[in-house]
Amino acid sequence: MTDGRTTRRRGALLLAIAAVAGIVAGAVAVYVRGSADGNGATTQAGVDCAGAVATAARLDPLAKGQIAAFRPAEGPDLVRNLAFQAPDGSATSLAAFAGKTVLVNLWATWCVPCRAEMPALDRLQGALGGDAFSVVAVNVDVRNPERARAFLDDIGVKRLAFYADPSFAIFNELKKRGLALGLPTTILVDGKGCRVGGIEGPAEWDSEDAKALIKAAIAPG
């Protein structure tokens with residue numbers, strides 16, 4: 001006849017096995033979800049984001065001063081399929097910028113910090129924009145895009161191309177990934193379309209701190 005202690009030991013063993021099984025199942029579920037939404041395996045959709053993770057680590061010491069809020073990516077995150085409208089109104093995505101480091105900024109005319117930030121982004125484009133780097137400022141006003149174009153003209157922004165997403169889908173996608181709480185939201189993306197880091201909120205993007213970070217992101221590892 002089994003005594004009480006043996007029964008308790010067997011019960012404890014079964015609970016331990018169940019707990020381990022639950023942990024393993026949970027880990028598998030997290031891995032599957034991460035791989036599906038671009039936040040899991042190092043290689044995603046045939047793109048190896050390991051280089052972006054290494055770049056993020058290099059940039060960490062440069063997240064200071066005027067861009068102290070910059071958060072380097074902690075793991076691989078493929079974002080090249082983020083879609084929006086090109087200046088001519090046609091559909092495009094970050095995949096169109098393959099081979100170029102891109103600073104993607106989401107802004108709207110009703111966002112006061114966004115409006116204040118646009119001239120600095122324009123100056124950053126003027127200072128560092130070219131074959132290796134570009135600022136991609138995406139307006140997310142859901143109506144009257146001409147108002148947004150007129151606003152940029154009024155404040156003298158001449159170097160930034162006008163990209164737009166009146167569907168607001170690009171913001172919602174970043175919000176779903178935990179990368180956007182409000183506007184402005186900015187992410188730095190490498191030439192493979194992998195996220196290197198970003199800032200939630202405004203920043204002095206034409207500051208020496210920002211330029212040093214961007215130059216380091218462009219430079220080969």
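This is a short talk through one strand, the disulfides and the largest pocket of the structure above.

Okay, hi everyone. Before anything else, keep in mind that what you're looking at is a predicted model.

Let's begin with strand β7, which covers residues 133-139. How many of its residues are buried? That would be 7 of 7, so to speak a full house. If you're wondering about the two sides, recall that side chains in a regular strand alternate between the faces of the sheet. Here, one side of β7 carries F133, V135, A137 and N139, the other carries S134, V136 and V138, and both sides are covered.

Now, who sits beside β7? One partner is β6, residues 101-107, which pairs with β7 in parallel over 7 bridges. If you want a spot to click on, V104 is opposite V136 of β7. To get from β6 to β7 the chain goes through helix α3, residues 112-128, in a right-handed β-α-β crossover.

Another partner is β8, residues 163-164, also running parallel to β7, with 2 bridges joining them. There you'll find N139 opposite A164 of β8. The connection from β7 to β8 passes through helix α4, residues 145-154, and that β-α-β crossover is right-handed too.

Right, cysteines. The count is 2 disulfides. Take C49 with C194: the sulfurs are 2.1 Å apart, and both residues are buried. The torsion about that S-S bond is about -75°, so we call this disulfide left-handed. And what does it tie together? C49 is in the loop between β2 and α2, while C194 is in the loop between β9 and β10, so the bond links parts 145 residues apart in sequence.

Then there's C111 with C114, with 2.2 Å between the sulfur atoms. These two cysteines are buried as well. With a torsion of about 80° about the S-S bond, this disulfide is therefore right-handed. Number the bonded cysteines along the chain and you get the pairing 1-4, 2-3.

Last stop, the largest pocket. Rolling a probe the size of a water molecule over the atoms shows where empty space is left. In the largest pocket that space comes to about 190 Å³. Which residues lie nearest its centre? Those are R71, A73, E74, L179 and R195, out of 12 lining residues. As for the character of that lining, it splits into 5 charged, 4 nonpolar and 3 polar residues.

That's my tour, thanks for listening.

Notes:
Residues numbered from 1 in each chain as written. Predicted model: local features only at pLDDT ≥ 70, side-chain atom pairs only at ≥ 80, totals over all residues. Heavy atoms only, no water. 1 Å grid on protein atoms, 1.4 Å probe; cavity = no way out; pocket = protein on both sides within 12 Å on 5 of 7 lines; lining within 4 Å. Points joined across faces, edges and corners; volume = space filled by probe spheres on them. Nonpolar A, V, L, I, M, F, W, Y, C, P; charged D, E, K, R; others polar. Buried < 20%, exposed > 50% of the residue type's maximum accessible area, 1.4 Å probe, protein only. Helix = DSSP H or I, 4+ residues; strand = E, 2+ residues; numbered from the N terminus. Pairing = 2+ DSSP bridges. Right-handed = clockwise from strand over helix to strand, strands pointing away. Disulfide = S-S within 2.5 Å.
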